[in-house]
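Biologist: I have a new model open on my screen and would like to learn how to read it. Could you walk me through it, one feature at a time?

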Amino acid sequence: MDIQELDISKVISPALVNLDLVATTKLEVIEELTDLLVETGAVSDRDTFIADVLYREEEGKTGLGEGVAIPHGKSASVTNTSIAVGRTSKPVEWESLDDKPVNIIILFAVKNSDATTTHIKLLQKVAILLADDEVIRQFQTVQTKEDFIKLLAKNQD
């Protein structure tokens, strides 16, 4: 599958977006977003998935800077590769490239069978999008889940 063929809207839905996270810590953010994945059936085992995300977090910084983090977990508990997105009202401490906290978190849940191809392509596509400062500004102010998804799917052919 070519990166251009990867449609982000296929791995996210309004049920996987929470623009009003109540979390105040990194773990709470991951738990809150994981709950969305469990509720939609994308993750079958909450605790296993959270453990897999935290394991990945230990391997390197997932905070990209500019208030954005992209934690991800490749896990046997993922039944459907998906993205859950959250925004906090107050920035949360996170290991990031600019050493600043984050308030926009894009959590990737990746099936083991998708771990090499789909996972890399999703990360690449989102990373390209997040290189655009204007997109990051819009993420901070967008008001609806649908608009957030449209923004995330921006530049889709």
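Modeller: Happy to! Let's begin with the elements: the protein chain has five helices and six strands. Keep in mind as we go that this is a predicted model.

Biologist: In what order do the elements of the protein chain run from the N terminus on?

Modeller: They run β-α-α-β-β-β-β-β-α-α-α.

Biologist: How do I judge the overall shape? What radius of gyration would a compact globule with 157 residues have?

Modeller: Near 15 Å, and the protein chain has 14 Å, so the two agree. Along its principal axes, the C-alpha trace spans about 35 × 35 × 25 Å. You can also ask how contacts relate to sequence: among those between residues at least 6 apart, 70% join residues at least 24 apart.

Biologist: And what of the surface and the interior? How many of the 157 residues count as buried?

Modeller: Of the 157 residues, 50% count as buried. The accessible surface comes to about 7700 Å², and 50% of that belongs to carbon and sulfur atoms.

Biologist: Which residues have the most contacts inside the largest nonpolar core?

Modeller: First the general idea: in soluble globular proteins, nonpolar side chains tend to be buried together. Here the largest nonpolar core has 48 residues, and those with the most contacts inside it are I12, L37, I83, I106, F108 and F139. Strand β6 gives the most to this core, with eight residues. Try clicking on I12: leaving out residues up to four places away in sequence, I12 touches V17, I83, V85, I149 and L152.

Biologist: Let's take a helix next. How many residues does α1 have, and how far does it reach?

Modeller: Helix α1 covers residues 26-39, which is 14 residues, and reaches 20 Å from its first C-alpha to its last. That is close to the 20 Å expected at 1.5 Å a residue. After α1 comes G41, with a positive phi near 85 degrees.

Biologist: Which residues of α1 are buried, and what do they pack against?

Modeller: The buried ones are K26, V29, I30, E32, L33, T34, L36 and L37. They pack against β1 (17-21), α2 (46-59), β5 (82-92) and β6 (102-111).

Biologist: Could you show me a buried residue in α2 and what surrounds it?

Modeller: V53 lies in helix α2. V53 counts as buried because its relative accessibility is 0%, and the cut-off is under 20%. Setting aside neighbours within four places in sequence, V53 is in contact with I30, P71, H72, G73 and L107. Here is a good lesson in folding distance: V53 and K74 are 21 residues apart along the chain, yet their C-alpha atoms are separated by 7.5 Å.

Biologist: G73 is on that list. Where does G73 lie, and is G73 buried or exposed?

Modeller: G73 lies in strand β4, residues 72-75, and counts as buried at 0% relative accessibility. Beyond its neighbours within four places in sequence, G73 is in contact with F49, V53, V78, F108, A109 and V110. For a contrasting pair, take G73 and E146: they are 73 residues apart in sequence and 24 Å apart in space, C-alpha to C-alpha.

Biologist: Now for charges. How many salt bridges does a search of the whole structure find?

Modeller: The general idea is that side chains of opposite charge can pair when their charged atoms come close. The search finds seven salt bridges. One of them joins R137 and E134, at 3.0 Å from N to O. Both residues lie in helix α4 (residues 133-141), three residues apart, about one turn of the helix. An α-helix has 3.6 residues a turn, so residues three or four places apart point the same way.

Biologist: Which parts of the chain does the salt bridge between D99 and K61 link?

Modeller: D99 and K61 meet at 3.6 Å, N to O. The pair links distant parts of the chain, 38 residues apart: D99 is in the loop between β5 and β6, while K61 is in the loop between α2 and β2 (63-65). D99 is exposed, with a relative accessible area of 64%, whereas K61 is partly exposed at 45%.

Biologist: Which residues are linked in a network of salt bridges?

Modeller: K26, E57 and E95 are linked in such a network. You met K26 earlier, among the buried residues of α1.

Definitions and conventions:
Residues are numbered from 1 along each chain as its sequence is written. This is a predicted model: local features need pLDDT of at least 70, side-chain atom pairs count only at pLDDT 80 or more; totals for chains, interfaces and linings use all residues. Side-chain values use heavy atoms; hydrogens and water are left out. Helices (H or I, at least four residues) and strands (E, at least two) are DSSP runs, numbered from the N terminus. The expected span of a helix is 1.5 Å times one less than its number of residues. Buried means under 20% relative accessible area, exposed over 50%, partly exposed in between (1.4 Å probe, protein chains only). Contact means heavy atoms within 4.5 Å. A salt bridge is a side-chain nitrogen of Lys or Arg within 4 Å of a carboxyl oxygen of Asp or Glu. The radius of gyration is taken over C-alpha atoms; the globule rule is 2.2 Å times the number of residues to the power 0.38. Accessible areas come from the Shrake-Rupley method with a 1.4 Å probe; for residues, only the protein chains shown count as cover. A nonpolar core is a set of buried Ala, Val, Leu, Ile, Met, Phe, Trp, Tyr and Cys residues joined through side-chain atoms within 4.5 Å.
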